[in-house]
Amino acid sequence: MKNSEEHRGTLSMSKLILIGAGGHSKVVQDIVATNKELQLYAIVDEKYEQTVEKNGVIYANTSYIKQLDYESYDFCIAIGNNAIRKKVYEELDIPLSRYKSLIHPRTVISNSAKIGNGTVIMPGVVINADTEVQHHCIINTNAVVEHDNRISDYVHISPNATLSGVVTVGEGTHVGAGATIIQVKSIGKWCTVGAGAVVVRDFGDNQTVVGVPAKEMKK
Ligand SMILES: CC(C)(COP(=O)(O)OP(=O)(O)OC[C@H]1O[C@@H](n2cnc3c(N)ncnc32)[C@H](O)[C@@H]1OP(=O)(O)O)[C@@H](O)C(=O)NCCC(=O)NCCS
């Protein structure tokens, strides 16, 4: 079992640019601060009209990054909304390889787990053997993602959610705080699993499911 200290060992000294300056970005900034190999170079957001430097960090409009040589920087989209994270990634032409996964030191991640580019892993998370978390995901505080899970791009697993073994979660799906998905179940793309739900069967794409056991929410 490799912990995140060793995962973080794969990161070389890097000038990091965070895209997004909202609430989720604050938590990501805390992760960056735990890693001496990362230099927080800039935070860009549409809300910044002018470029200013404060405590060695540049704050600028998102258009600032279009003038940069992407190969000299690393990036992470620090935006909590899954659909907006996807839109921002698709609108910028930054190569996927320039997106860093950011992993808090107080996490336990199996040696055999794969973590995609631009994915953020918060404190207290456990990710077990042979699980794959793809790109631009958020695995939030104290979530447990058991063995052999397949977590697609832009998924958000919220605080204290538990995914049992061999669970599949489709692109863009949001698993709410404290939700549980029992083993060998599958949730489609762009679903929402309500806070506290217990998923005991498969669900297709674009559904919002709540309750114990989870059922599709009435429109
Ligand atoms: C499921 C969810 C998306 C529904 O949001 P919404 O569409 O705004 O729904 P509403 O708040 O209008 O509630 C509609 C109904 O569903 C019920 N409901 C909402 N969320 C529920 C949940 N998680 N479990 C059970 N019932 C729920 C409400 O009580 C309400 O019932 P009523 O019509 O009988 O009064 C939302 O409540 C939720 O759980 N989001 C996840 C939040 C989260 O975990 N965030 C973590 C961020 S890090």
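Which residue does arginine 98 form a salt bridge with, and how far apart are the closest N and O atoms?

## The aspartate 74 and arginine 98 pair

In this predicted model, the partner is aspartate 74, and the closest N and O atoms of the pair are 2.9 Å apart. The two residues come from distant parts of the chain: arginine 98 lies in the loop between α3 and β6, whereas aspartate 74 belongs to strand β5, with their positions 24 residues apart. The contact also appears among the polar contacts, where the side chain of aspartate 74 meets the side chain of arginine 98 at 2.9 Å.

Both partners are buried. Aspartate 74 has a relative accessible area of 8%, and because the cut-off for a buried residue is under 20%, it is counted as such. Arginine 98, at 17% relative accessibility, also counts as buried because its value falls under that 20% limit.

## The salt-bridge network

The model contains 5 salt bridges. A further one involves arginine 98, whose side chain meets that of glutamate 71 with an N to O distance of 3.6 Å. This contact again links distant parts of the chain, 27 residues apart: glutamate 71 is in the loop between β4 (57–60) and β5 (74–77), and arginine 98 is in the loop between α3 (82–91) and β6 (102–103). Through shared partners, the salt bridges join Glu71, Asp74 and Arg98 into one network.

Another salt bridge pairs the side chains of glutamate 171 and lysine 86, at 2.7 Å from N to O. Here the separation along the chain is 85 residues, with glutamate 171 in the loop between β17 (168–169) and β18 (174–175) and lysine 86 in helix α3.

## Strand β1 and its neighbours

Strand β1, residues 14–19, is mostly covered, with 5 of its 6 residues buried. It runs parallel to strand β2 (residues 38–44), to which 6 bridges join it. Within this pairing, leucine 16 has leucine 40 of β2 as its bridge partner. The chain passes from β1 to β2 by way of helix α2 (residues 23–33), and this β-α-β crossover is right-handed.

Strand β1 also pairs with β5, in the parallel sense and over 4 bridges. In that pairing, leucine 16 stands opposite aspartate 74. Leucine 16 is thus matched with leucine 40 in β2 and with aspartate 74 in β5. The latter residue is the salt-bridge partner of arginine 98.

## Two open sheets

One open sheet has 6 strands in the order β7-β10-β13-β16-β19-β22, with parallel pairing. Its edge strands are β7 (108–109) and β22 (198–199), each of which pairs on one side only. At the β7 edge, the parallel pairing with strand β10 (residues 126–127) extends over 2 bridges, and valine 108 has valine 126 in β10 as its bridge partner.

A further open sheet comprises 8 strands in the order β6-β9-β12-β15-β18-β21-β23-β24, with mixed pairing. Strands β6 and β24 (215–216) form its edges, each pairing on one side only. Within this sheet, strand β12 (residues 138–139) runs parallel to strand β15 (residues 156–157), and 2 bridges join them. One bridge partnership is between isoleucine 138 and histidine 156 in β15.

## The ligand site

The residues around the ligand are Asn140, His156, Ser158, Pro159, His174, Gly176, Ala177, Thr192, Gly194, Ala195, Val210 and Met217. Histidine 156 therefore has two roles in this description, because a residue is listed here if one of its heavy atoms lies within 4 Å of the ligand, and histidine 156 is also the bridge partner of isoleucine 138.

Two backbone contacts with ligand oxygen atoms can be described. A backbone N or O atom of alanine 177 lies 2.6 Å from an oxygen atom of the ligand, and a polar backbone atom of alanine 195 is 2.9 Å from an oxygen atom of the ligand. Taken alone, the ligand exposes 900 Å², of which the protein buries 36%.

Notes. Residues numbered from 1 in each chain as written. Predicted model: local features only at pLDDT ≥ 70, side-chain atom pairs only at ≥ 80, totals over all residues. Heavy atoms only, no water. Pairing = 2+ DSSP bridges. Salt bridge = Lys/Arg side-chain N within 4 Å of Asp/Glu carboxyl O. Buried < 20%, exposed > 50% of the residue type's maximum accessible area, 1.4 Å probe, protein only. Right-handed = clockwise from strand over helix to strand, strands pointing away. Polar contact = N/O pair within 3.5 Å; in protein donor to acceptor, adjacent residues only side chain to side chain. Areas by Shrake-Rupley, 256 points an atom, 1.4 Å probe, with all protein chains shown as cover.
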